[in-house]
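Trainee: I should like to examine how the helices of this chain pack and where its backbone departs from the usual. May we work through the questions in turn?

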Amino acid sequence: MTAAPALPGLRYHLPAPPAQGAPTEADVVVYGATSGGVTAAVRAARDGMTVLLLAFDDHVGGMSAGGLGETDVGRPETVGGLARAFYADVAAAYHAPDPHWRVEARVAEEIFERWLADTGVRIRRRQHLRDVVVRSGRIVELRTDDGGRHRARIYVDASYEGDLMAAAGVTHTVGREASTTYREPLAGVQPSTNHQFSRPVDPYLRPGHPDSGLLPGISPDDHGEIGAGDRRLQAYNFRLHVTTSAGRVRYPRPDGYQPERYELLRRYIEAGVFELYGRTTPVRGDVYDMNNHGAVSSDHIGANTDWPTADYPRREEIFQDHVRYQAGLLYFLANDPRLPAPIRAATRAYGLSPAEFTSTGHWPHQLYIREARRMVADYVVTQHDAAGRSRPADPIALASYVMDSHNAKRVVVDGQPRNEGNVQHPLTVPFGIPYRSIVPRAGECENLLVASAVSASHVAFASVRMEPVFMMIGEAAGCAAAQAVGVRGGVRDVDYETLRKELVRTGSVLTWPPEQEVRA
């Protein structure tokens, strides 16, 4: 049974009408219309390929057009190619200095849609992977749950979850490696300093009575040994576009609203802490990007563990639970009479932006999948890359944002709630993401490139996962796909030096400092 929507019209899995006609044919099929999926498709098309882009829902652009109004850019000098062109187009749309790193969702999607139209990329929407046909180590057909069949010489998996990669039998992992796996000090279970409880709060249903059970949102698990591995993930949330304008839309009361879910937050506020708008940053005028901030906020900590490998009905349940949790949290803060009047007034000073997400009640359609599956390839990007101790010889993009991993669980330690898993650690130097990290191991799948669920440890992926980086990786995947088609080979037959020259020619930045590019 499909989970009921928490808000009208808002669903993860949107059914498509039955596919008609013969299988589609293209040089390159890109699965997942994330920002990296768009740049992969556009680059392959610009390089002369026929390209089919399969979008999971009705939209393109992933988180870049799904509420992530403030770009986690790191060092601006590291952003090149189509990613840099995107933010130049954002600047042009706003008549602002180039580049412009903050963008409203509808503006971002308009740019991506125009790029796809201008390059002749075919788009099919509401395309959900059912399975793949693999013969002799190659995908020969991708099949969707509407009965569609899609054939290509090269495939690109640009889904945040790595669904196509997994269906093709490519080696991958989920969760946090132990610190001993790659000798990473920040791996595995980590004590959280940021987004942590700063005042004592009773975590039990009946204060002072552990035998009464734990409040909602607290796991009965132990904190865990520092550095121990597990299958937990950094938390997901929705990045909302909120506004202080007179036309703001009141925070909605979700179906199935349960105020008792927020008792821990109520007690924390009673203890003197209110942090809701600590990471609400201006995007344009009176429109803001509302992100998680504080010990109890929009991150639905611990609720996403099943997501990476779940089927679509289970993901729908998780999606709706995230909507219900986050929408309910805002409704609670705006309306619950037990809260101080200034808290309710501060919450009601904002509301959803009426110009955004008009088909889903002004709530984002895209859940922020910060991390799901990750491929395990010949090269695994690790904390050593971020520390400058490893320098791959085949970089296709640079990552420069801090290693930023959100909390993974909330537990009780010494009678107090504690969040666990937050890592916010600066890089020693911008680091290269190698071609080998987007190519499956030899013998696994010869005609697949992975543009989002790349081969990286949990810690390193916390920097790699930023949207400008995904755009740059996607462009490199599109360029490599075109070259693989050109040599009538597989993705491992692509000559890196040829790929490097083509990426540099079109503005990609592959080394740090960038001046080294000229000497290469």
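Helix packing and local geometry

Mentor: Helix α1 passes α3 in a left-handed crossing, where left-handed means that the near helix is turned anticlockwise from the far one by less than a right angle, and right-handed that it is turned clockwise. This is a predicted model, in which local features need pLDDT of at least 70, side-chain atom pairs count only at pLDDT 80 or more, and totals for chains, interfaces and linings use all residues. Residues are numbered from 1 along each chain as its sequence is written, and side-chain values use heavy atoms, with hydrogens and water left out.

Trainee: What is the orientation of α1 relative to α3?

Mentor: Helices (H or I, at least four residues) and strands (E, at least two) are DSSP runs numbered from the N terminus. Axes are lines fitted to C-alpha atoms, for helices over the stretch in contact, with angles from 0 to 180 degrees between N-to-C directions. For α1 (residues 35–46) and α3 the axes come within 9 Å and cross at roughly 20°. Angles under 35 degrees count as roughly parallel, over 145 as roughly antiparallel, 65 to 115 as roughly perpendicular and the rest as oblique, so α1 is roughly parallel to α3.

Trainee: Which term describes α2 and α3?

Mentor: Helix α2 (residues 81–94) packs on helix α3 (residues 105–119) at an angle of about 120°, the axes being 10 Å apart. The crossing of α2 and α3 is right-handed. By their angle, therefore, α2 and α3 are oblique to each other.

Trainee: How do the residues of the contact of α2 with α3 divide into nonpolar, polar and charged?

Mentor: Contact means heavy atoms within 4.5 Å. Helix α2 contributes Leu82, Ala85, Phe86, Asp89, Val90, Ala93 and Tyr94, and α3 contributes Val107, Ala108, Ile111, Phe112, Arg114 and Trp115. With Ala, Val, Leu, Ile, Met, Phe, Trp, Tyr, Cys and Pro counted as nonpolar, Asp, Glu, Lys and Arg as charged, and the others, Gly among them, as polar, the division is 11 nonpolar, no polar and 2 charged.

Trainee: Is valine 42 buried or exposed?

Mentor: Valine 42 is placed in helix α1. Beyond its neighbours within four places in sequence, valine 42 is in contact with Leu82, Trp115, Leu116, Thr119 and Val121. Buried means under 20% relative accessible area, exposed over 50%, and partly exposed in between (1.4 Å probe, protein chains only). Because its relative accessibility is 0%, valine 42 counts as buried.

Trainee: Why is cysteine 479 in no bond with the closest cysteine sulfur?

Mentor: A disulfide is a pair of cysteine sulfur atoms within 2.5 Å, and by this rule the count is 0 disulfides. Cysteine 479 is buried, at 1% relative accessibility. The closest cysteine sulfur, in cysteine 445, is too far for a bond because its distance from the sulfur of cysteine 479 is 20 Å.

Trainee: Which residue does a cis peptide bond join to tryptophan 512?

Mentor: Most residues other than glycine have a negative phi, and most peptide bonds are trans. The bond from aspartate 98 to proline 99 is cis, with omega near 0°. At tryptophan 512, a cis peptide bond with omega of about 0° leads to proline 513.

Trainee: What is phi of aspartate 414?

Mentor: Aspartate 414 occupies the loop between β17 (409–413) and β18 (416–420). Aspartate 414 is exposed, with a relative accessible area of 79%. Its phi is positive, in a residue other than glycine, and near 55°.
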